[in-house]
Amino acid sequence: MKKILIVEDDKIICEELKELLNNAGYDACMLEAFNNAKDRILEIKPDLILLDINIPFLNGELLLKELRKESDVPVIMVTSKNTEVDEVLSMSYGADDFITKPYNPTILLLRVAAVLKRYDKHSDNLVYRDMVINPSKGTLGRGDNEVLLTKNEMIVFMYLFNHVGKIVTRDELMTDLWNNNEYINDNALTVNVSRLRGKLKDIGYEDAIETRKGQGYILL
(Lines give C-alpha, C1' and ligand atoms only; values in the text may rest on other atoms or scores of the structure.)
Protein backbone atom coordinates (compact mmCIF):
# COMPACT_ATOMS: atom_id res chain seq x y z
CA MET A 1 0.00 0.00 0.00
CA LYS A 2 1.49 3.34 -1.06
CA LYS A 3 1.97 5.90 1.71
CA ILE A 4 0.88 9.42 0.78
CA LEU A 5 1.79 12.36 3.00
CA ILE A 6 -0.52 15.39 3.05
CA VAL A 7 1.31 18.65 3.80
CA GLU A 8 -1.51 21.12 4.29
CA ASP A 9 -2.31 23.44 7.24
CA ASP A 10 -6.07 23.53 6.68
CA LYS A 11 -7.34 20.72 8.95
CA ILE A 12 -10.67 20.37 7.12
CA ILE A 13 -8.97 19.97 3.74
CA CYS A 14 -6.48 17.55 5.31
CA GLU A 15 -9.23 15.34 6.67
CA GLU A 16 -11.08 15.39 3.34
CA LEU A 17 -7.91 14.43 1.45
CA LYS A 18 -7.06 11.71 3.93
CA GLU A 19 -10.51 10.15 3.66
CA LEU A 20 -10.45 10.38 -0.16
CA LEU A 21 -7.03 8.72 -0.41
CA ASN A 22 -7.76 6.02 2.17
CA ASN A 23 -10.98 5.13 0.36
CA ALA A 24 -8.96 4.85 -2.85
CA GLY A 25 -6.67 2.24 -1.26
CA TYR A 26 -3.75 4.44 -0.19
CA ASP A 27 -2.23 4.81 3.26
CA ALA A 28 -2.73 8.55 3.81
CA CYS A 29 -1.17 10.49 6.67
CA MET A 30 -0.84 14.16 7.57
CA LEU A 31 2.13 16.26 8.57
CA GLU A 32 1.21 17.31 12.11
CA ALA A 33 3.78 20.11 12.59
CA PHE A 34 5.50 22.38 10.09
CA ASN A 35 8.65 23.38 11.93
CA ASN A 36 11.54 21.27 10.61
CA ALA A 37 9.12 20.01 7.96
CA LYS A 38 11.86 18.64 5.71
CA ASP A 39 13.32 16.45 8.47
CA ARG A 40 9.86 15.22 9.48
CA ILE A 41 9.10 14.26 5.86
CA LEU A 42 12.37 12.34 5.52
CA GLU A 43 11.53 10.43 8.72
CA ILE A 44 8.05 9.50 7.47
CA LYS A 45 9.43 8.22 4.11
CA PRO A 46 6.25 8.65 2.04
CA ASP A 47 5.83 7.26 -1.48
CA LEU A 48 4.27 10.55 -2.60
CA ILE A 49 3.61 14.00 -1.13
CA LEU A 50 0.63 16.30 -1.68
CA LEU A 51 2.21 19.65 -0.86
CA ASP A 52 0.33 22.92 -0.43
CA ILE A 53 2.17 26.12 -1.38
CA ASN A 54 0.80 28.20 1.52
CA ILE A 55 2.07 26.48 4.66
CA PRO A 56 3.70 27.93 7.81
CA PHE A 57 7.46 28.53 8.17
CA LEU A 58 8.86 27.69 4.71
CA ASN A 59 6.28 27.96 1.94
CA GLY A 60 5.66 24.83 -0.11
CA GLU A 61 7.90 25.83 -3.00
CA LEU A 62 10.90 26.56 -0.74
CA LEU A 63 10.25 23.37 1.23
CA LEU A 64 10.26 21.43 -2.03
CA LYS A 65 13.52 23.08 -3.05
CA GLU A 66 15.12 21.99 0.24
CA LEU A 67 13.61 18.50 0.03
CA ARG A 68 15.03 17.96 -3.45
CA LYS A 69 18.57 18.28 -2.07
CA GLU A 70 18.07 14.98 -0.23
CA SER A 71 15.11 13.14 -1.78
CA ASP A 72 13.50 12.42 -5.14
CA VAL A 73 10.14 11.43 -3.59
CA PRO A 74 7.34 12.36 -6.04
CA VAL A 75 5.53 15.59 -5.16
CA ILE A 76 2.24 17.02 -6.39
CA MET A 77 1.76 20.69 -5.55
CA VAL A 78 -1.74 21.60 -4.35
CA THR A 79 -2.60 25.30 -4.24
CA SER A 80 -5.39 27.84 -4.49
CA LYS A 81 -3.25 29.94 -6.81
CA ASN A 82 -4.03 29.34 -10.46
CA THR A 83 -1.26 31.13 -12.30
CA GLU A 84 1.34 29.91 -14.77
CA VAL A 85 4.04 31.55 -12.64
CA ASP A 86 3.27 29.28 -9.68
CA GLU A 87 3.13 26.22 -11.89
CA VAL A 88 6.42 27.00 -13.61
CA LEU A 89 8.10 27.84 -10.31
CA SER A 90 6.86 24.63 -8.67
CA MET A 91 8.04 22.52 -11.60
CA SER A 92 11.42 24.27 -11.62
CA TYR A 93 11.88 23.36 -7.96
CA GLY A 94 11.18 19.71 -8.72
CA ALA A 95 7.41 19.15 -8.50
CA ASP A 96 6.10 16.20 -10.51
CA ASP A 97 2.64 17.67 -11.04
CA PHE A 98 0.45 20.61 -10.06
CA ILE A 99 -3.24 20.85 -9.18
CA THR A 100 -5.31 23.83 -8.01
CA LYS A 101 -8.09 24.17 -5.44
CA PRO A 102 -10.93 23.53 -5.51
CA TYR A 103 -9.78 20.28 -7.09
CA ASN A 104 -11.92 17.59 -8.64
CA PRO A 105 -11.43 14.46 -6.44
CA THR A 106 -11.43 12.13 -9.45
CA ILE A 107 -8.82 14.21 -11.26
CA LEU A 108 -6.67 14.37 -8.13
CA LEU A 109 -6.74 10.57 -7.79
CA LEU A 110 -5.86 10.18 -11.47
CA ARG A 111 -2.91 12.55 -11.03
CA VAL A 112 -1.72 10.62 -7.97
CA ALA A 113 -1.99 7.27 -9.79
CA ALA A 114 -0.20 8.65 -12.87
CA VAL A 115 2.74 10.04 -10.88
CA LEU A 116 3.13 6.81 -8.87
CA LYS A 117 2.98 4.72 -12.05
CA ARG A 118 5.62 6.92 -13.67
CA TYR A 119 7.95 6.43 -10.72
CA ASP A 120 7.30 2.68 -10.56
CA LYS A 121 8.45 2.36 -14.18
CA HIS A 122 11.77 3.96 -13.31
CA SER A 123 12.31 1.76 -10.28
CA ASP A 124 14.01 -1.61 -10.25
CA ASN A 125 12.05 -2.56 -7.16
CA LEU A 126 9.02 -4.84 -6.98
CA VAL A 127 6.92 -5.54 -3.91
CA TYR A 128 5.67 -8.82 -2.44
CA ARG A 129 3.59 -8.24 0.69
CA ASP A 130 5.86 -5.82 2.59
CA MET A 131 9.06 -7.17 1.04
CA VAL A 132 11.03 -5.23 -1.58
CA ILE A 133 12.45 -7.22 -4.50
CA ASN A 134 15.36 -5.78 -6.47
CA PRO A 135 16.07 -8.17 -9.36
CA SER A 136 19.00 -6.13 -10.70
CA LYS A 137 20.77 -6.31 -7.32
CA GLY A 138 19.55 -9.82 -6.60
CA THR A 139 18.18 -8.88 -3.19
CA LEU A 140 15.05 -9.32 -1.11
CA GLY A 141 14.51 -6.79 1.67
CA ARG A 142 12.10 -6.31 4.53
CA GLY A 143 12.59 -3.34 6.82
CA ASP A 144 16.26 -3.24 7.78
CA ASN A 145 16.81 -6.89 6.79
CA GLU A 146 18.11 -7.81 3.35
CA VAL A 147 19.21 -11.11 1.83
CA LEU A 148 21.25 -11.69 -1.29
CA LEU A 149 20.06 -14.38 -3.71
CA THR A 150 22.15 -16.31 -6.19
CA LYS A 151 21.22 -15.99 -9.86
CA ASN A 152 19.36 -19.31 -9.83
CA GLU A 153 17.53 -18.50 -6.61
CA MET A 154 16.36 -15.19 -8.07
CA ILE A 155 15.19 -16.91 -11.28
CA VAL A 156 13.17 -19.40 -9.23
CA PHE A 157 11.74 -16.69 -6.96
CA MET A 158 10.79 -14.38 -9.85
CA TYR A 159 9.01 -17.21 -11.66
CA LEU A 160 7.01 -17.98 -8.52
CA PHE A 161 6.41 -14.25 -7.97
CA ASN A 162 5.12 -13.78 -11.52
CA HIS A 163 2.67 -16.65 -10.86
CA VAL A 164 1.87 -15.76 -7.23
CA GLY A 165 -1.11 -17.71 -5.89
CA LYS A 166 -0.81 -20.33 -8.64
CA ILE A 167 0.84 -23.75 -8.56
CA VAL A 168 4.09 -23.90 -10.53
CA THR A 169 5.42 -27.32 -11.54
CA ARG A 170 9.04 -28.36 -11.19
CA ASP A 171 9.18 -28.81 -14.96
CA GLU A 172 8.13 -25.17 -15.43
CA LEU A 173 10.89 -24.00 -13.10
CA MET A 174 13.45 -26.18 -14.84
CA THR A 175 12.38 -24.84 -18.24
CA ASP A 176 12.64 -21.24 -17.02
CA LEU A 177 16.15 -21.90 -15.73
CA TRP A 178 17.13 -23.48 -19.02
CA ASN A 179 15.70 -20.46 -20.87
CA ASN A 180 18.08 -18.33 -18.80
CA ASN A 181 21.01 -20.55 -19.82
CA GLU A 182 21.17 -22.12 -16.36
CA TYR A 183 21.48 -25.87 -16.88
CA ILE A 184 20.69 -27.60 -13.57
CA ASN A 185 19.34 -31.02 -12.78
CA ASP A 186 16.35 -31.99 -10.64
CA ASN A 187 18.43 -32.34 -7.48
CA ALA A 188 19.96 -28.89 -7.99
CA LEU A 189 16.45 -27.41 -8.27
CA THR A 190 15.55 -28.96 -4.91
CA VAL A 191 18.66 -27.42 -3.37
CA ASN A 192 17.87 -23.98 -4.82
CA VAL A 193 14.29 -24.05 -3.56
CA SER A 194 15.51 -25.13 -0.12
CA ARG A 195 18.08 -22.32 0.04
CA LEU A 196 15.51 -19.82 -1.18
CA ARG A 197 13.13 -20.89 1.56
CA GLY A 198 15.90 -20.45 4.12
CA LYS A 199 16.61 -16.91 2.97
CA LEU A 200 12.91 -16.03 2.98
CA LYS A 201 12.74 -17.39 6.53
CA ASP A 202 15.62 -15.09 7.51
CA ILE A 203 13.47 -12.03 6.69
CA GLY A 204 10.27 -13.36 8.22
CA TYR A 205 8.61 -15.31 5.40
CA GLU A 206 8.99 -18.88 6.64
CA ASP A 207 5.81 -20.16 4.94
CA ALA A 208 5.91 -18.09 1.74
CA ILE A 209 6.60 -21.08 -0.55
CA GLU A 210 4.34 -24.06 -0.06
CA THR A 211 4.92 -27.50 -1.58
CA ARG A 212 1.90 -29.09 -3.23
CA LYS A 213 2.60 -32.84 -3.28
CA GLY A 214 2.68 -34.25 -6.80
CA GLN A 215 2.03 -30.79 -8.28
CA GLY A 216 4.81 -28.35 -7.51
CA TYR A 217 5.20 -25.13 -5.53
CA ILE A 218 3.06 -22.07 -4.84
CA LEU A 219 4.06 -18.63 -3.59
CA LEU A 220 1.32 -17.56 -1.17
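A salt bridge here is a side-chain nitrogen of Lys or Arg within 4 Å of a carboxyl oxygen of Asp or Glu. The close-ups below look at such pairs in a predicted model, where a search of the whole structure finds twelve of them.

**View 1. Glu 32 and Lys 11 join their side chains in a salt bridge.** The N to O distance is 3.8 Å, so the pair falls within the 4 Å cut-off. These partners come from distant parts of the chain, 21 residues apart. Lys 11 belongs to helix H1 (residues 11–23), while Glu 32 sits in the loop between strand E2 (27–30) and helix H2 (37–44). Glu 32 counts as exposed, because its relative accessibility is 57% and the cut-off for exposed is over 50%.

**View 2. Glu 70 meets Lys 38 in a salt bridge.** Here the N to O distance is 2.6 Å. This pair, too, links distant parts of the chain, with the two positions 32 residues apart in numbering. Look for Lys 38 in helix H2 and for Glu 70 in the loop that runs between helix H3 (60–67) and strand E4 (75–79).

**View 3. Glu 66 and Lys 69 form a salt bridge.** Their closest N and O atoms are 3.0 Å apart. How exposed is each partner? Lys 69 is exposed, with a relative accessible area of 61%, whereas Glu 66 is partly exposed at 28%.

**View 4. Three residues share a network of salt bridges.** The members to find in this close-up are Glu 8, Asp 52 and Lys 101.

Terms used. Residues numbered from 1 in each chain as written. Predicted model: local features only at pLDDT ≥ 70, side-chain atom pairs only at ≥ 80, totals over all residues. Heavy atoms only, no water. Helix = DSSP H or I, 4+ residues; strand = E, 2+ residues; numbered from the N terminus. Buried < 20%, exposed > 50% of the residue type's maximum accessible area, 1.4 Å probe, protein only.
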